[in-house]
Amino acid sequence: MRTAPTQRQSTERTHHHQPPSGVATTTPLTALDRVPWREIQDSTGCAAAVPLLLTTVACGDPETARAALADLRTRVCQYGFVVEQATAATVPFLWELAQLPHVTCRAEIIQLLKSIADARQWENTAAVYPKLLNHRENHVVWERKARQAVRDRRGALRELMAEEDADIARATTELARALGE
């Protein structure tokens, strides 16, 4: 006796998972591993801790995120005006975090971006002591790259200025002024 052919189970997915509404469709900070953090410097030396700090800012509770951001600020914009080699590499991730609604310290991130945009410590020092430009580690170049990295992402300003959160809108307005927007 013959039997009817049985259906073979497909290994191909026919249903594509959709995240629930209100959840980001992309994972934040996915490009962190593309930066050679161990090969660049922050104010403490090797910048290997920067990815963990950025991830903590992205995912931490308000207190933990603010503490991580404070540590990150010390590493990439010490004293609020001294940038490091790792600063320019960090800036795109700061812009990304500033735009994510679930991040709890967005206004402070935008203030950090403004500090980086305003940084001219090394450039001003080199104007008085031009020999600084001859050092192997050219801090003036790091500073210029960091400022340019902030300018490169300024397209997000309009959206951030429209935020209902007054602190975010105010910080963004200050950043826009610093960038001459």
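This is a short walk through the helix packing, salt bridges and buried residues of one structure. Keep in mind that the model is predicted.

Let's start with a helix pair. Two packed helices are described by the angle between their axes and the distance between the axes. Take helix α3, residues 87-98, and helix α4, residues 106-118. Their axes come within 9 Å. They cross at roughly 145°. The crossing of α3 past α4 is left-handed. Who makes the contact? From α3 we have Thr87, Val91, Leu94, Trp95, Leu97 and Ala98. From α4 we have Arg106, Ile109, Ile110, Leu112, Leu113 and Ile116. By type, that contact divides into 10 nonpolar residues, 1 polar and 1 charged.

Stay on α3 for a moment. Phe93 is in this helix. Is Phe93 buried or exposed? Its relative accessibility is 6%, so Phe93 counts as buried. Now look at what Phe93 touches. Leaving aside residues up to four places away in sequence, the list is Leu29, Ala31, Leu32, Val35, Trp37 and Leu54. Pick Ala31 from that list. Phe93 and Ala31 are 62 residues apart along the chain, yet their C-alpha atoms are separated by 8.5 Å.

Leu29 deserves its own stop. This residue sits in the segment before β1, which is residues 41-42. Its phi is near 65°. That is a positive value, and the residue is not glycine. Leu29 is buried, with a relative accessible area of 7%.

There is another positive phi to look at. Tyr79 has phi near 60°, again in a residue other than glycine. Where does Tyr79 lie? It is in the loop between β3, residues 77-78, and β4. Tyr79 is exposed, at a relative accessible area of 64%. So we have a positive phi at a buried Leu29 and a positive phi at an exposed Tyr79.

On to charges. Side chains of opposite charge can pair when their charged atoms come close. How many salt bridges does a search of the whole structure find? It finds 10.

First example: Asp71 with Arg75, at 3.1 Å, N to O. They are 4 residues apart in helix α2, residues 62-76, so about one helical turn separates them. An α-helix has 3.6 residues a turn, so residues three or four places apart point the same way. The burial of the partners is worth noting. Asp71 is partly exposed, with a relative accessible area of 32%. Arg75 is buried, at 14%.

Next, Asp118 and Lys114. Their closest N and O atoms are 2.5 Å apart. Both residues lie in helix α4, 4 residues apart, about one turn. Asp118 is partly exposed, at 36% relative accessible area. Lys114 also counts as partly exposed, at 24% relative accessibility.

Salt bridges that share partners also build a network. Its members are Arg120, Glu123, Glu143, Arg144 and Arg147.

Now Arg106, which we met in the α3 and α4 contact. Arg106 forms a salt bridge with Glu163. The closest N and O atoms are 2.8 Å apart. Arg106 lies in helix α4, while Glu163 is in the loop between α7, residues 157-161, and α8, residues 166-178, so the pair ties together parts that are 57 residues apart in sequence. Arg106 counts as buried, at 6% relative accessibility. Glu163 counts as partly exposed, at 26%.

That brings us to α8. Thr172 lies in this helix. At 0% relative accessibility, Thr172 counts as buried. Which residues does Thr172 touch, beyond those up to four places away in sequence? They are Ile110, Leu157, Leu160 and Met161. Ile110 is also one of the α4 residues in the contact with α3.

Last stop, helix α6, residues 139-152. This helix has 14 residues. From first C-alpha to last it reaches 20 Å, close to the 20 Å expected at 1.5 Å a residue. The buried residues of α6 are His139, Val140, Trp142, Glu143, Ala146, Arg147, Ala149 and Val150. Note that Glu143 and Arg147 are buried here, and both belong to the salt-bridge network. What covers the buried residues? The cover includes β4, residues 82-83, along with α3, α4, α5 at residues 121-128, and α8.

How values were computed: Residues are numbered from 1 along each chain as its sequence is written. This is a predicted model: local features need pLDDT of at least 70, side-chain atom pairs count only at pLDDT 80 or more; totals for chains, interfaces and linings use all residues. Side-chain values use heavy atoms; hydrogens and water are left out. Axes are lines fitted to C-alpha atoms, for helices over the stretch in contact, and angles run from 0 to 180 degrees between N-to-C directions. Helices (H or I, at least four residues) and strands (E, at least two) are DSSP runs, numbered from the N terminus. A crossing is left-handed if the near helix is turned anticlockwise from the far one by less than a right angle, and right-handed if clockwise. Contact means heavy atoms within 4.5 Å. Ala, Val, Leu, Ile, Met, Phe, Trp, Tyr, Cys and Pro count as nonpolar, Asp, Glu, Lys and Arg as charged, and the others, Gly among them, as polar. A salt bridge is a side-chain nitrogen of Lys or Arg within 4 Å of a carboxyl oxygen of Asp or Glu. Buried means under 20% relative accessible area, exposed over 50%, partly exposed in between (1.4 Å probe, protein chains only). The expected span of a helix is 1.5 Å times one less than its number of residues.
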